[in-house]
Amino acid sequence: MQSLKNFIGGAFVASERRFEKRSPVTNAVIAEVHEAGAAGIDAAVQAARAALHGPWGAMPMARRLELLGRVAAEIDRRFEDFVAAETADTGMPAHFSRHVAIPRGAANFRIFADVVKNVATECFPMDTPDGAGALNYAIRRPVGVVGVICPWNAPFLLMTWKVAPALACGNAVIVKPSEETPATATLLAEVMREAGIPDGVYNVVHGFGPGSAGEFLTRHAGVDAITFTGETRTGEAIMKAAATGARPISLEMGGKNPAIVFADADLDTAIEATLRSVFANSGQVCLGTERVYVERPLFEAFTARLKAGAEALTLGDPLDPATTMGPLISQEHRAKVLSYYKKAMDEGATLVTGGGVPAMPPALAEGAWVQPTLWTGLPDDAAVVREEIFGPCCHIAPFDTEAEVLARANDTPYGLAASVYTRDLARAHRVAAGLQTGLVWINSWFLRDLRTPFGGAKQSGIGREGGVHSLEFYTELKNVCVKL
Ligand code: NAD
Ligand code: 6OD
């Protein structure tokens, strides 16, 4: 069994306190994880600060970015180790970690090295009373020590999405992976060392949220900025912690994302993309669809096709190439998802498919399995239609007019992402503009260009990351005014 230690100042550090990491697939214990206490967080902050005042802070940008290229190359070299670790921790099908999660980790390091290399800052020549003039130019400085708090659903992709730009900008980071997915952050520590990243630049502290590593990290006065991905309620707690010292935050949080399918949509495209957006990673994708609105003439046909697609999913061992859906992350999360399955029926839903626990072979029977599930027939104020479930399920409702569906799609405290399916270009642009979300896909889902702004409106987030937008968070812009 693996023993996953904290990584502080370039060394793997043991803790007295340990916790167990269980497999989502079998519920067997697969690792013991060393939990960082307040002293561990303090040591990580000191190590990060020493790196900023030492070799990392003094390193020329070109060398820093070259090292990030080496990190990407080292991830590629250890690709199968990362695939195995991510798949074991999350239970996601190995083809998903192989084709989406791990390649994105390496891509994040390459992309943000390029972004930092190529982004200019502003320059304003100005008049002065003596006629000589002055020149204003802006330079970017790293913000310092960045606390990176990560979720479990796509751990490597989401962690590197923050670590890569933070390091490219010259910061040092302290990563707190989810207690559910400690493996790939720990593996990345080995990669950092191998790539020659100086000690203290990348630190990993394991543990939980309240009363553990997460809270200690966000409350530590030596942490200059905090970037977080996870539930909205957790984000609120982190905002409160960051208020002490008025420290900047970037929050990527929950969602209840709608898909809108107009009657003129290409049905094959709408079905293919909606099946992915509802069931990919067992519905544990922040950008995933949990509400589908279908224009009435297409409602029956769409629902029948989505049902057929859901029933064609193959649940099984994530390492089996035939598997298209794995388990949920944990027994605890399964209990939450199943409570919504029950609530849907209590609220009067019509069950289209699923709704329970699948029969699995004996070797997998203790895993966190649930059936892919679809409902119709609920009013928009039903809990299942309003609250984030984060499972392989969605509610499908008919609509009659564009104005009506826009109002219903927007009637939520969340605002992360939406998808719109139509062949009418003018309508596509109109609806995209009217949706109160940070991201809209037209006739597609999860097409990601890493240079584009990423983040949520309303309670789905604060701030944008991606491309130059990440630089806005991970650097301080300083204006220098030179009197000529
Ligand atoms: P979570 O909020 O439970 O945990 C996220 C992280 O925060 C974990 O590392 C956890 O240990 C830590 N944490 C918990 N309480 C804390 C506290 N008080 N102080 C500091 N740290 C604390 O989220 P999760 O269950 O891991 O992830 C699922 C959620 O993440 C869903 O709501 C999903 O929508 C959201 N998510 C959002 C995005 C996005 O980009 N908007 C992406 C992925 C996931
Ligand atoms: O692709 C990304 O950069 C990103 N942040 C994806 C988020 C997925 C949520 O589960």
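This report describes the cavities, the pockets and the two ligand sites of a predicted model.

## Cavities and the site of ligand 2

Searching the whole structure yields seven cavities of 30 Å³ or more. The largest cavity has a volume of about 170 Å³, and ligand 2 sits in it. Its lining consists of 16 residues, and those nearest the centre of the cavity are Ala 154, Leu 157, Leu 158, Leu 287 and Phe 446. By class, the lining of the largest cavity comprises eleven nonpolar, three polar and two charged residues. Helix 5 (94-118) and helix 6 each contribute at least two residues to this lining.

The shell around ligand 2 is formed by Arg 104, Asn 153, Leu 157, Leu 158, Trp 161, Val 285, Cys 286, Leu 287, Phe 446, Arg 448 and Phe 454. Eight of these shell residues are nonpolar, one is polar and two are charged. Helix 6, which spans residues 155-168, gives the most to the shell, with three residues.

Polar contacts to ligand 2 involve both side-chain and backbone atoms of the protein. From Arg 104, a polar side-chain atom lies 2.7 Å from an oxygen atom of the ligand. Arg 448 likewise places an N or O atom of its side chain 2.7 Å from an oxygen atom of ligand 2. At Cys 286 the partner is a polar backbone atom, 2.8 Å from an oxygen atom of ligand 2. On its own, ligand 2 has 300 Å² of accessible area, and the protein covers 98% of that area.

## The largest pocket and the site of ligand 1

The largest pocket has a volume of about 1200 Å³. Its lining comprises 45 residues, with Trp 152, Ser 178, Glu 179, Glu 231 and Thr 234 lying nearest the centre of the pocket. Two or more lining residues come from each of strand 4 (18-22), helix 8 (213-219), strand 11 (225-229), helix 9 (232-243) and helix 12 (331-346). Helix 9 gives the most to this lining, with five residues. The lining of the largest pocket divides into 17 nonpolar, 14 polar and 14 charged residues.

The space taken by ligand 1 is this largest pocket. Helix 8, strand 11 and helix 9 are the elements that give two or more residues to the shell around ligand 1. The largest share of that shell comes from helix 9, with three residues.

In total, 30 residues surround ligand 1, and the closest are Cys 150, Lys 176, Glu 179, Thr 234 and Glu 388. The shell around ligand 1 has 16 nonpolar, eight polar and six charged residues.

Thr 234 has an N or O atom in its side chain 2.6 Å from an oxygen atom of ligand 1. Gly 230 presents a polar backbone atom 3.4 Å from an oxygen atom of ligand 1. A nitrogen atom of ligand 1 lies 2.7 Å from a backbone N or O atom of Met 253. Of the 840 Å² of accessible area that ligand 1 has on its own, the protein covers 92%.

The polar contacts described for both ligands are collected below.

| Ligand | Ligand atom | Protein partner | Distance |
|---|---|---|---|
| Ligand 2 | oxygen | Arg 104, side chain | 2.7 Å |
| Ligand 2 | oxygen | Cys 286, backbone | 2.8 Å |
| Ligand 2 | oxygen | Arg 448, side chain | 2.7 Å |
| Ligand 1 | oxygen | Gly 230, backbone | 3.4 Å |
| Ligand 1 | oxygen | Thr 234, side chain | 2.6 Å |
| Ligand 1 | nitrogen | Met 253, backbone | 2.7 Å |

## The second largest pocket

The second largest pocket has a volume of about 390 Å³. It is lined by 18 residues, and Met 61, Arg 64, Arg 140, Pro 142 and Cys 169 are those nearest its centre. Helix 2 (55-58), helix 3 (61-77), helix 5 and strand 7 (134-142) each give two or more residues to the lining of the second largest pocket. Strand 7 provides the largest share of this lining, three residues. By class, the lining of the second largest pocket has ten nonpolar, four polar and four charged residues.

Note on methods. Residues numbered from 1 in each chain as written. Chains lettered and ligands numbered in written order. Predicted model: local features only at pLDDT ≥ 70, side-chain atom pairs only at ≥ 80, totals over all residues. Heavy atoms only, no water. Near = heavy atom within 4 Å. Polar contact = N/O pair within 3.5 Å; in protein donor to acceptor, adjacent residues only side chain to side chain. Areas by Shrake-Rupley, 256 points an atom, 1.4 Å probe, with all protein chains shown as cover. 1 Å grid on protein atoms, 1.4 Å probe; cavity = no way out; pocket = protein on both sides within 12 Å on 5 of 7 lines; lining within 4 Å. Sits in = over half its atoms within 2 Å of the grid points. Helix = DSSP H or I, 4+ residues; strand = E, 2+ residues; numbered from the N terminus. Nonpolar A, V, L, I, M, F, W, Y, C, P; charged D, E, K, R; others polar. Points joined across faces, edges and corners; volume = space filled by probe spheres on them.
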